[in-house]
Structure formats: structure tokens, C-alpha cells
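Subject: Structure handover

Hi,

Here is the structure I said I would pass on. Have a look at it first, and my notes follow below.

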Amino acid sequence: MLDIKLIRKDPKIIEELLQRKIPDISLTSIVELDHRIRSNKTKSEALKSTKNDLSKKIGEAKRAKQEAQHLVDEVNVLSEKIKNLDEELSDLEKQFHTEMASLPNIPLEEIKVSHDPKENVMLHEFGKKREFHFPFKNHVELNEKLHLFDFKRGAKISGTGWPVYRNLGARLEWALLQYMLEIQIKNGFMQWIPPLLVRQESVYGSGQLPKFENQQFKIKDEDYHLYLIPTAEVPLNAMHADEIIEQPELPLQYVAYTPCFRREAGAAGSQERGLIRMHQFNKVEMFCFTQPEESENTFQKMVKNAEEVLQGLELHYRTMLLVTGDMSFAAAKTIDIEVYLPGQNRYYEVSSVSNCTDYQSRRSNIRFRNAEGKLEFVHTLNGSGLATSRLMVALLENNQNEDGSISIPKVLQKYLGGIDKITP
């Protein structure tokens, strides 16, 4: 959430900065609501002060056995006015809070202003696209003989977009997760296993609510109102909600493996069959809490951690600095890491690392005490380290052999009992 003081100081400038993300955004309503709320508070406080003075006079009159009915009548009139003002104030504050919570984070000044993802800035590449000397197959075609996934049974169980991993497909998936967690732990990240169902406040704190309510899977009955996590970012951020972190503890560097649940799956047609876009997928997530002046260093470290995973797997990838209009709602800066998938003839994001500055910490009220003893909001950062479904596709398609077998990268073989190849 943004600091209302920034908006009060210069609403036009903040509006222009936000329009770098969302062109038609307007702060007019929020500015008006803020003015009405402060005006109502001033009026209400003045009426309450007058009411208190009159109440004292009524007490004095009664002790002196003097007539005070006219004062009582005035107090009753004031009480009604105060009640009406406070009810209006409550409604205004609810509307104000909803509109403030619907504003995105402000992009950092260094980010290219554009709303076209094609203008994302490529920072660098690792390796090269593989050249095939035989007719290569996409992962769905490879799976016809390898039997690593069962999409039909997944659809039978839950509907389209819910994968079932089987035999060596399940083992390869698990090997990827173990490999990625080991890298993050080696690099100083503390492992957590958080809940997969979280309270509404937790989803709100990370920025998914209220704007993206219809993109969440949730359960709601007389006993529970919980959301399935779209990413481990949500519970990791929520762990320190309403807390003050002491400065020597920072940065806090967390990592968690969880399944992730997304409603927006399978909308792009035949090119995104199989594992490309699913309702449920696995992900190793990095999440950091830092002092503001350290957040850029932490951001770069997280990007390097994600790259280390791909370099170990010897996969060709590129890093892309996203333009303002392509960043997530809560992000002020994002680098996507994209692998090349031969079967789709395009690059797909397997990691997205974002600096959310103090946007999430304001929503979740996560602060630290600086060297002067003053309370400040921490900066939060999140990044995939990595998401496995598209990574699995990259492994299969880039490591396929002419006979339909798949060569297993050396870094994964120890998790598979020494298996170096999956054969049809």
C-alpha cells in the first residue's frame, strides 16, 4: 500500500508515476475521500468537545439544583449529529481503504516506461539455443512414449489444468525440487514449510486482494474462509505481519517449496498444452525482508541464485528487465528469467524476481528499528527459485535425443539413484 502522505504532498506527480503502470488510473476519488475524512474527523472532534463541555455544565447545574433541561436537549442534538458524522466517517474510511488497497506499487525511476511487454529490456543471455539435427518433439509428444505425466487422469480427478506426475516424471520433479532447495540453502536461505491455506488478511498483505479476488481459489463455509496460496510469497510475507524486526536480524532470507494454485490456466490454445500453464504447479520461492538501503543488493543476489539453478542444469536462458506496464501489481522492479522451449519456439518465464520496496510491509505492518531507534517499514522481495512445470518442459525438450530418450543433467542424477537417461 502507498503512503497517503506521498499522495497528499503531490497527488498529480504520484498519479503520473502510477500511470506508468496503469494508464487510466486516477487519484481524484482518493484525494476527495481523504479530504472528506479529515474534515469529518475535525467536525466530529469539535462536536464531541462541545458535548463534553455541556455535560460538565449539566453536572454543575444539577449539583446546584438548577434547571438544565435546555442543556440536556442540546447534548441530545449534538449526540445525534456526532452519531451521523461517525457513521458517515466509517463508510468513507471503508471506501478510502478499498481504493488505497487497489493502487499498485510505484515503479522505480530506472524502469523503462512502456505498456508493451515486447519492449522488456534483455540484460544478458546464458548459453545458446540448441540446434537439432533430427525432427524434435514437444514435451506432450515426448510423453506419449515416456509416460511421465498423465493428463487424462488429472482431468478425470480434478478437471483440465491439474497435472498428474507418474513414475520417473514424479521422481524427476522431486529431484528438481531437492536440487533447487539445496542451492538456496547453500546460499544462506532458511527453509520453511508454510500452510497452503491462508487467511484473507495474509492474501491481502501480499497484494493479491482486493484487486485479484476472482483469481484466487478459496474455501468459504460457516467454519472457514481461507485461500489456497497462489505462491509461497503469501504465507512467507504474512509470517511477520504486525511485527517489529530488530535491525541486526536483517536481512531475513527465507525459502520454501510449495504447490501453487492459480485460476488463470489454459487460455492460450494448443501452444500451451501440457505443463505450460496449469492450475497447480510446484515452486521453490525465495522471500527476503531487508532494510531499504540493502534491497537492491538483495535483489541482485536473488537473481543470481535463480540463474545458478539454470546454469547447473545447462539450460539456455535470458534475463529480462520488465517495463513498467508488465510488472506485477506489488512490484517496483522485476527481472524475469526466461528459458527457451523448442517445442513452443519461444521463451517462457521460469523465475520472476521482484523488489516490492515497502508496499507489502505497509499492508502487513512489518517494521524494523533503525540505528537511531526509529521505526521504518522493511522492504520485501520475492523470487522464484524456480517454478518447476516450465522448467520440466525445458529439461525434456532441450535434452531429448533422436530415439525419444531424455538425457538427465549431471546435477540431478544423484537424486535419481544415478539414472542418467530416461528411455521410452
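Let me start with a salt bridge: the side chains of R199 and E201 meet, with 3.5 Å between N and O. Both of these residues are exposed. Before I go on, please keep in mind that this is a predicted model.

R199 also takes us to the sheet, since β3 covers residues 197-199. The sheet is open and has three strands, ordered β3-β5-β4, with antiparallel pairing. At its edges sit β3 and β4 (218-220), each of them pairing on one side only. From one strand to the next, the twist averages 30 degrees. Between β3 and β5 (residues 225-228), which run antiparallel, there are three bridges. If you want a spot to centre on, try L197, which stands opposite L228 in β5.

Back to salt bridges: searching the whole structure turns up 21 of them. One that I'd pick out is K186 with E308, where the closest N and O atoms are 2.9 Å apart. K186 belongs to helix α7 and E308 to helix α10 (residues 295-312), so this pair ties together parts that are 122 residues apart in sequence. K186 is exposed, at 54% relative accessible area, whereas E308 comes out as partly exposed at 26%.

Another salt bridge joins the side chains of D358 and R362, at 3.2 Å from N to O. Both ends are partly exposed: D358 has 22% relative accessibility, and R362 has a relative accessible area of 25%. Which residues make up the network here? D3 is linked with D358 and R362 in a network of salt bridges.

Now for the inside. The largest nonpolar core contains 56 residues, and M180, L310, L313 and L412 have the most contacts within it. Helix α7 (residues 167-186) supplies the largest share of this core, nine residues. That is the helix that also holds K186 of the salt bridge to E308. For L313, leaving aside neighbours within four places in sequence, the contacts are L176, Y179, L391, L395, P409, V411 and L412. There is also a second, separate core of 30 residues, with L17, I106, V203 and Y227 among them. As general background, nonpolar side chains in soluble globular proteins tend to be buried together.

What about disulfides, and how many does the structure hold? Zero. Take C260: the closest cysteine sulfur, in C356, is 15 Å from its own, which is too far for a bond. C260 is buried, at 1% relative accessibility. C356 is in no disulfide either, and its nearest cysteine sulfur, that of C288, is 11 Å away. C356 is likewise buried, with 1% relative accessibility.

One last pair to look at is K43 and D86. They are 43 residues apart in sequence, and their C-alpha atoms are 9.9 Å apart in space. K43 lies in helix α3 (residues 28-63) and is partly exposed, with 46% relative accessible area.

If you'd like a short route through the model, begin at the sheet with L197 and L228, move on to K186 and E308, and then look at L313 in the largest nonpolar core.

Cheers

Terms used
Residues numbered from 1 in each chain as written. Predicted model: local features only at pLDDT ≥ 70, side-chain atom pairs only at ≥ 80, totals over all residues. Heavy atoms only, no water. Pairing = 2+ DSSP bridges. Helix = DSSP H or I, 4+ residues; strand = E, 2+ residues; numbered from the N terminus. Axes fitted to C-alpha atoms, helices over the stretch in contact; angles between N-to-C directions. Disulfide = S-S within 2.5 Å. Buried < 20%, exposed > 50% of the residue type's maximum accessible area, 1.4 Å probe, protein only. Core = buried A, V, L, I, M, F, W, Y, C linked by side-chain atoms within 4.5 Å. Contact = heavy atoms within 4.5 Å. Salt bridge = Lys/Arg side-chain N within 4 Å of Asp/Glu carboxyl O.
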